[in-house]
Amino acid sequence: MNLNLSTIKYAQKLPFCANDREVLDSDNKVVHRNSTKFFRDDIIWDDFTLFLDENFKDSKKVNSYCIACSDGSEPYSLAIALKTNLKNADKFFPINASDYDEYIVNEAKNGVYTTTYDEKNAIRRFTRDNKHKYFDCDGPDIIKPKDSIKKEVNFTINDALSEIDNIPYGDNLIMCRNFWPYLSSDDKNKLIEKLKEKMNHNSLLVIGSFDQGGIMLDRLLDVSGFENVEYTRNDRGSEMVHYNVWKKHS
Ligand SMILES: C[S@@+](CC[C@H](N)C(=O)[O-])C[C@H]1O[C@@H](n2cnc3c(N)ncnc32)[C@H](O)[C@@H]1O
């Protein structure tokens with residue numbers, strides 16, 4: 001089921017980022033926010049991609065998904081981090097990215113971003129000071145992922161629960177970050193059960209800090225047959241980054 005636009009009273013842009021959009025229903029209740037950014041810092045991207053390499057070393061093909069991808073900053077960040085850190089990044093492509101909000105998926109396909117100060121720093125760091133390899137730039141603030149990055153990501157409009165039905169059982173990387181608090185209790189449980197059906201012993205589920213902070217999703221996963229995976233090479237970053245990568249219990 002896609003977002004029912006008839007229930008939406010209005011959507012307003014929040015001031016601090018290009019696509020930071022808040023969608024409200026007719027009772028002024030927040031339906032969701034599209035907040036996202038390049039290299040969102042609840043994952044340590046370099047460690048994460050090196051961990052992916054090791055975890056999937058025996059896989060010929062990894063099915064990669066970004067569920068609730070918002071404006072595409074997340075799947076494009078993943079594509080860039082994979083290309084920067086791995087010799088064999090191709091097996092992770094394409095990244096199948098989806099969101100149920102048609103407006104934001106169109107923004108993602110369009111691929112024009114106004115960057116914040118934080119994003120600029122992160123992009124500089126994670127591209128090893130080589131942002132022109134991955135982006136065309138229009139002035140100091142506007143970036144556009146190059147075709148060599150865009151071609152690695154396929155965007156579709158889809159609700160998270162329907163999207164999981166499209167995933168084959170197998171070696172799956174499922175980024176499912178920072179949107180769980182918007183789901184009903186029933187849908188959270190359904191999503192967890194569906195994820196378990198699609199994940200084998202190699203598969204990884206990645207959640208975000210908003211999911212932990214908002215609904216303590218780490219605890220729910222813990223009692224629902226998942227185990228936390230330590231992917232960082234050193235004990236660094238905030239505590240949150242350590243509880244974001246999960247596997248199914250063997
Ligand atoms: C806060 S953004 C997170 C974006 C990105 N995953 C990240 O971590 O930066 C939440 C996104 O979830 C999407 N969303 C909310 N409920 C959804 C659902 N049931 N199915 C698909 N997308 C959903 C919203 O449209 C929004 O773009």
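1. The face of helix α3 turned away from its buried side carries the exposed residues E102, N106 and N110; here a residue is exposed if 12 or fewer other C-beta atoms lie within 10 Å of its own, buried if 20 or more do, and partly exposed in between, with C-beta atoms placed from the backbone. This is a predicted model, in which local features need pLDDT of at least 70, side-chain atom pairs count only at pLDDT 80 or more, and totals for chains, interfaces and linings use all residues. Residues are numbered from 1 along each chain as its sequence is written.

2. Helix α3 spans residues 102-110, and its buried residues are I104, V105, E107 and A108. Seen down the axis of α3, these buried residues fall within an arc of 155 degrees, so they line one face of the helix; the arc is that of the directions from the helix axis to the C-beta atoms. An α-helix has 3.6 residues a turn, so residues three or four places apart point the same way.

3. The buried residues of α3 pack against three strands, β2 (21-25), β5 (95-99) and β9 (153-157), where two residues are in contact if their C-beta atoms, placed from the backbone, lie within 7 Å. After α3 comes G111, whose phi is positive, near 70 degrees.

4. An open sheet of 7 strands has the order β9-β5-β4-β10-β11-β13-β12, with mixed pairing; two strands pair if DSSP finds at least two bridges between them. At the edges stand β9 and β12 (226-228), each with a single partner strand, so one side of each is left without a neighbour in the sheet. Within the sheet, strand β4 (residues 63-67) and β5 run parallel and are joined by 4 bridges, and the bridge partner of Y65 in β5 is N96.

5. Helix α2 (residues 73-85) packs on this sheet, touching β4, β5, β9 and β10 (172-175), and its direction makes about 165 degrees with that of β5. For such angles, axes are lines fitted to C-alpha atoms, for helices over the stretch in contact, and the values run from 0 to 180 degrees between N-to-C directions.

6. In the protein there are 10 helices and 13 strands, taken as DSSP runs (H or I of at least four residues for helices, E of at least two for strands) and numbered from the N terminus. Buried residues make up 40% of the 250 residues.
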